[in-house]
Amino acid sequence: VHIGSWKKHFDDSFYNYREIAESLVDYVKDMEEEITRADTKRVFITHSGCSDETLNKLKSFIEELQYFDEILINRAGGVISSHCGPQTLGILFYAK
């Protein structure tokens, strides 16, 4: 998900960081069934410059699932960042 352009208001203006943080948690909640079919060892919240507020809200939601042994937040490397751009976020896990 590219946070900077992922979602717009009806008037075509972009969401700010606080609004996006709430929307992203809902987006990840929609993925709950898929997430809870993953290998339980670890999940990664990988980003290219997202706010701490956004990252912490997502981490809190994933913690509430009580599914993964380890939740890691990491910054995307140069290849991912250059292809996806700033403010990109991904929830990464291994399939069972």
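This section describes helix α3, the nonpolar core and an aromatic pair in a predicted model.

Helix α3 comprises 14 residues, spanning positions 52-65. The distance from its first C-alpha to its last is 20 Å, close to the 20 Å expected at 1.5 Å a residue. Six positions of the helix are listed as buried, namely T54, L55, L58, F61, I62 and L65. These residues lie on the same side of α3, because they cover an arc of only 130° around the axis. On the other side of the helix, D52 and E64 are exposed. The residue that follows α3 is Q66, and its phi is positive, near 50°.

The buried side chains of the model include a largest nonpolar core of 20 residues. Within this core, the residues with the most contacts are I35, I45, L58, I62, F68, L89 and I91. Two or more core residues are contributed by each of α1 (17-30), β1 (38-47), α3 and β3 (89-95). Helix α3 supplies the largest share, with 5 residues. L58 and I62, both among the residues with the most contacts in the core, also belong to the buried residues of α3.

The count of aromatic pairs comes to 1. The pair is formed by Y67 and F68, whose ring centres are 5.0 Å apart. The planes of the two rings stand at 85°, over the limit of 60 degrees, and the pair is therefore edge-to-face. Y67 and F68 are both buried, and F68 is also one of the residues with the most contacts inside the largest nonpolar core.

Conventions. Residues are numbered from 1 along each chain as its sequence is written. This is a predicted model: local features need pLDDT of at least 70, side-chain atom pairs count only at pLDDT 80 or more; totals for chains, interfaces and linings use all residues. Side-chain values use heavy atoms; hydrogens and water are left out. Helices (H or I, at least four residues) and strands (E, at least two) are DSSP runs, numbered from the N terminus. The expected span of a helix is 1.5 Å times one less than its number of residues. Buried means under 20% relative accessible area, exposed over 50%, partly exposed in between (1.4 Å probe, protein chains only). The arc is that of the directions from the helix axis to the C-beta atoms. A nonpolar core is a set of buried Ala, Val, Leu, Ile, Met, Phe, Trp, Tyr and Cys residues joined through side-chain atoms within 4.5 Å. Rings of Phe, Tyr and Trp (its six-membered ring) pair if their centres lie within 6.5 Å; planes under 30 degrees apart count as stacked, over 60 as edge-to-face and the rest as tilted.
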